[in-house]
Amino acid sequence: MKKLFSMMIALALLAGCMCGVTSCSSAGGSKADMSLLAVKMGDKWGYIDHEGKFVINPQFSKADCFYDGLARVCLDGKYGYIDKNGNYVITPQYADATRFSEGIAWVVSPDGPLCLIDKSGEVINVRRDLLYAYPFSEGVSIAKGYGDKYYIVDKIGNTLHTVSEGLRVQSDFRDGLAQVTDQEYKDGYINQQGELVIPCTFRDAKPFVKGQAIVEVENDRWGTIDKNGNYVINPQFDRIAYSDGDSYVIKVGSQHGWCDRAGKITINPQFDEVIAFWGGDLAPVVMGNKIGYVDQNGKLQINPQFDGASPFLIGSKLAWVFVGGKCGLIDTEGKYVVNPQFDEISLDLPSEISRARAAYSENFYVEGVAAHVKKLLEGNCFDGMKITQTSITDFRKKYGLSGNATSKEVNYSRDVEYTIRAVGTFSRRVSDGWWGTQLEQLPNAKLDAVRLTLETKEEKNLGTLFAELRKVLGSEKGQRDGGQYFELSRVGAVITLTVSDKPLN
């Protein structure tokens with residue numbers, strides 16, 4: 001019962017207990033219009049008003065909140081968009097799609113790339129080089145490309161900036177900053193130019209809200225920082241979560257309460273679990289095995305009686321509750337406005353705790369994969385190594401290999417994995433001084449060649465990739481203009497490319 005789904009909808013949507021909930025995070029950008037509420041009855045979704053009456057009858061296999069006047073819906077596995085009268089503005093045709101934000105959305109046709117469209121469905125841009133992209137926030141979209149690269153994309157779909165290599169973007173832009181994680185799994189923040197402006201020194205970090213962000217440090221303590229990276233609330237709590245931008249949920253020991261933006265406790269930690277106020281006057285709290293609501297002084301206003309509950313997110317006047325396996329709506333006095341009757345709901349979760357859903361490309365970007373391989377071979381080298389001048393020790397150091405390993409596996413993208421293997425003699429058998437032999441490592445032995453083994457997720461793409469690599473190399477075997485020797489082959493579901501700066505046997 002006390003296992004919560006994050007510290008916000010945390011209790012409201014008790015994991016495994018509450019009826020299914022679809023997140024419609026406002027995550028920056030356009031805000032959700034909650035005048036109509038997406039609900040599920042049986043196996044279909046529709047939309048109700050605040051009195052529980054269906055305005056758009058249940059007919060969709062999935063349905064989200066309204067943004068920019070449109071709601072993303074799914075029918076027979078295809079996504080489209082409807083208006084508030086339930087009419088299709090863009091018919092279901094996409095394999096994936098984001099919600100609209102700031103007037104635009106990312107969509108993916110079956111087996112196709114990411115496309116940016118406007119509210120009429122007109123294509124603004126096509127990005128074959130992207131794996132996925134998030135809705136727009138503060139005028140830009142965060143997108144991931146091949147080779148673990150992250151991009152900041154403008155509203156016509158062009159790349160504004162490439163995020164520094166080794167940084168993974170974890171949030172949308174809020175207050176001009178976005179959370180990133182480095183290769184040591186430490187968190188920091190970049191600006192909209194992709195520059196790291198707050199170093200990656202935190203064990204965990206959350207988006208900025210009203211100039212402050214929640215962070216965790218090494219001793220499992222939580223506090224907040226300002227946009228210069230200075231502490232506002234020194235790390236001192238067992239946990240901090242956003243409440244409404246003017247206060248924070250805190251955990252001290254096993255109990256939860258609230259503090260203000262300076263860290264002063266305003267409601268003493270006394271509850272098993274709590275959720276944020278999120279702009280309302282009441283917040284859900286767990287007491288025993290049920291959930292009730294307290295006011296901003298910590299005084300109980302609605303007795304514990306619900307199995308799950310949300311904050312008053314609907315105009316600060318209505319909240320979803322869960323009783324007996326069904327969802328309903330209550331007012332601020334705890335009275336039912338709509339009796340529990342729905343199987344699932346779509347809820348507008350505050351952006352601080354729920355990132356909006358991305359759209360994922362279905363395109364196999366063969367040109368990009370081949371270009372990546374070509375780049376590895378630049379300068380009569382492999383990945384910057386002059387092959388026959390590189391020792392196996394240097395090879396292992398370059399790829400972070402331990403022991404006697406001679407290969408590095410790379411998960412290049414959703415579509416392609418490859419292995420980089422050193423070719424050569426890196427050990428020999430020598431006498432053990434008795435009647436046997438033992439293996440002796442040769443740490444200074446130089447590489448004879450490097451072998452690249454590529455596998456595609458779908459075998460149908462293997463032939464396409466082989467043809468593109470042959471085109472890039474000019475043939476299946478020979479010597480390139482730079483002098484590099486190569487041999488390309490395909491056996492079963494694997495493509496093998498062997499390269500060296502000396503003739504191959």
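**A walk through the predicted model, from α4 outward**

The buried residues of α4 (460-473) pack against α2 (366-376), β44 (449-456), β46 (485-491) and β47 (494-500). In this predicted model, those buried positions of α4 are N461, L462, L465, F466, E468, L469 and L473, a list in which leucines stand beside an asparagine and a glutamate. In an α-helix there are 3.6 residues a turn, so residues three or four places apart point the same way. Just after α4 comes G474, whose phi is positive, near 95°.

The packing can also be followed from the side of α2. Within α2, the residues V366, G368, V369, A370, V373 and L376 are buried, and what covers them includes α4 and β47, together with β44 and β41 (416-423). The helices α2 and α4 therefore meet through buried residues, since α2 is among the elements against which the buried residues of α4 pack, and a residue is called buried when its relative accessible area is under 20%.

The helix α2 also has a part in the largest pocket, which holds about 1,100 Å³ of space. Of the 29 residues that line this pocket, G147, D148, E165, H372 and V410 are the closest to its centre. At least two lining residues come from each of β16 (150-153), α2, β40 (407-410) and β41, and α2 gives the most, with five residues. By character, the lining divides into 14 nonpolar, seven polar and eight charged residues. The strand β41 thus appears twice in this account, once as a supplier of pocket lining and once among the elements that cover the buried residues of α2.

On the N-terminal side of α2, the loop that follows β39 (359-360) contains Y365. Not counting residues up to four places away in sequence, Y365 touches R128, D129, Y146 and D415. As a guide to distances across the model, Y365 and V89 are 276 residues apart in sequence, and their C-alpha atoms are 30 Å apart in space.

On the other side of α2, a loop leads to α3 (392-398), and T390 lies in it. T390 is buried, because its relative accessible area is 9% and the limit for a buried residue is under 20%. A polar atom of the T390 side chain lies 2.8 Å from the backbone oxygen of K386. Leaving aside its neighbours within four places in sequence, T390 is in contact with M385, F395, A445, K446 and L447. The same loop between α2 and α3 holds D383, which has a positive phi of about 50° although it is not a glycine. D383 counts as partly exposed because its relative accessibility is 27%.

A positive phi at an aspartate is also found at D111, with a value of about 65°. D111 is in the loop between β11 (104-108) and β12 (114-118), and at 55% relative accessibility it counts as exposed.

Among the strands, β8 (residues 78-82) and β9 (residues 88-94) pair in the antiparallel sense over three bridges, and in this pairing Y79 stands opposite Y94 of β9. The two strands form a hairpin with five residues between them, and in the turn G86 has a positive phi of about 85°.

Another part of the strand architecture is an open sheet of four strands in the order β30-β31-β32-β33, with antiparallel pairing. The edges of this sheet are β30 (273-274) and β33 (300-306), and because each has a single partner strand, one side of each is left without a neighbour in the sheet. Two bridges join β30 to β31 (residues 283-287), and the two strands run antiparallel; V274 has V285 of β31 as its bridge partner.

Taken as a whole, the protein chain has four helices and 47 strands, and its C-alpha trace spans about 85 × 55 × 45 Å along the principal axes. Buried residues make up 51% of the 505 residues in the chain. Among contacts between residues at least 6 apart in sequence, 46% join residues at least 24 apart.

Note on methods
Residues are numbered from 1 along each chain as its sequence is written. This is a predicted model: local features need pLDDT of at least 70, side-chain atom pairs count only at pLDDT 80 or more; totals for chains, interfaces and linings use all residues. Side-chain values use heavy atoms; hydrogens and water are left out. Buried means under 20% relative accessible area, exposed over 50%, partly exposed in between (1.4 Å probe, protein chains only). A polar contact is a pair of N or O atoms within 3.5 Å; within protein, one must be able to donate a hydrogen and the other to accept it, and residues adjacent in sequence count only if both atoms are side-chain atoms. Contact means heavy atoms within 4.5 Å. On a 1 Å grid over the protein atoms alone, a cavity is a set of points where a 1.4 Å probe fits but cannot get out, and a pocket is an open set with protein on both sides within 12 Å along at least five of seven lines; lining residues have an atom within 4 Å of a point. Grid points are joined across faces, edges and corners, and a volume is the space filled by probe spheres set on the points. Ala, Val, Leu, Ile, Met, Phe, Trp, Tyr, Cys and Pro count as nonpolar, Asp, Glu, Lys and Arg as charged, and the others, Gly among them, as polar. Two strands pair if DSSP finds at least two bridges between them.
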